[in-house]
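Hi,

Here is the structure I promised to pass on. Have a look at it first, and then read on for what turned up in it.

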Amino acid sequence: MQFMQQYAVYIFLTLLICWMLWQRVVAPRLSGVKSLSASTYFAMRNEPHTLVDVRSEGEWVGGHAPDAIHIPLGDIGKRKHEIDANKAVVVICASGNRSAMAATALAKAGLKPVYNFSGGMGAWAGAGLPVRTGKK
């Protein structure tokens, strides 16, 4: 018990890091989610797919992919019916963390194939892919 009290902060940080690794790396792989880099997306961008942005409203308005549909991460469960099940699904966020969670949920709901866009909108813009600001 004394050990736990002495090292509580370290134990908490270790558990937090393990949880983050699980959410970002392990869970998506177990569910069949594939990671998708900007260069790979650039090569497949003309194939039928649905791009889903799971960031907040403010992030969306600040800049998003023109063809993306906006479904915040907290709404993904109740709005997954808005995603065409006959196309591949690419999920994007700011960095890849929220999109990994959303992609995992969509894959578990039966959508296939599901991709997590690595690096998020920063990687998207860095690859020269188009960005639109505003609500639409």
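In what follows, two residues are in contact when they have heavy atoms within 4.5 Å. Please keep in mind that this is a predicted model.

Let me begin with the whole chain. Among its contacts between residues at least 6 apart in sequence, 66% join residues at least 24 apart. There are seven helices and five strands, and from the N terminus on they run α-α-β-α-β-α-β-α-β-α-β-α. Along the principal axes, the C-alpha atoms fill a box of roughly 60 × 30 × 30 Å.

Of the 136 residues, 35% count as buried. The accessible surface of the chain comes to about 7900 Å², and carbon and sulfur atoms account for 60% of that. As for charge, the chain carries 15 positive and 8 negative side chains, with the centres of the two sets 5 Å apart.

Next, helix α6, which covers residues 97-108. Does its length come out as expected or not, and what is the expected span? At 1.5 Å a residue, the 12 residues of α6 should span 16 Å, and the end C-alpha atoms are 17 Å apart, so the two values agree. The buried residues of this helix are S99, A100, A102, A103, T104, L106 and A107. When you look at how they are placed, it helps to recall that an α-helix has 3.6 residues a turn, so residues three or four places apart point the same way.

The stretch after α6 is worth a look too. G110 follows the helix and has a positive phi, near 105 degrees. A little further on, K112 and P113 are joined by a cis peptide bond, with omega at about -15 degrees. P113 itself lies in the loop between α6 and β5 (114-117). For background, most residues other than glycine have a negative phi, and most peptide bonds are trans.

Finally, G134, in the segment after α7 (120-126). Is G134 buried, partly exposed or exposed? Its relative accessible area is 22%, and buried would require under 20% while exposed would require over 50%, so G134 is partly exposed. Leaving out residues up to four places away in sequence, G134 touches W60, V61 and H64. F42 makes another reference point: it is 92 residues from G134 along the chain, and the C-alpha atoms of the two are separated by 23 Å.

Happy to go through any of this with you.

Best wishes

Key:
Residues numbered from 1 in each chain as written. Predicted model: local features only at pLDDT ≥ 70, side-chain atom pairs only at ≥ 80, totals over all residues. Heavy atoms only, no water. Helix = DSSP H or I, 4+ residues; strand = E, 2+ residues; numbered from the N terminus. Buried < 20%, exposed > 50% of the residue type's maximum accessible area, 1.4 Å probe, protein only. Expected span 1.5 Å × (residues − 1). Areas by Shrake-Rupley, 256 points an atom, 1.4 Å probe, with all protein chains shown as cover. Lys, Arg positive; Asp, Glu negative; His and termini not counted. Charge placed at Lys NZ, Arg CZ, Asp CG, Glu CD.
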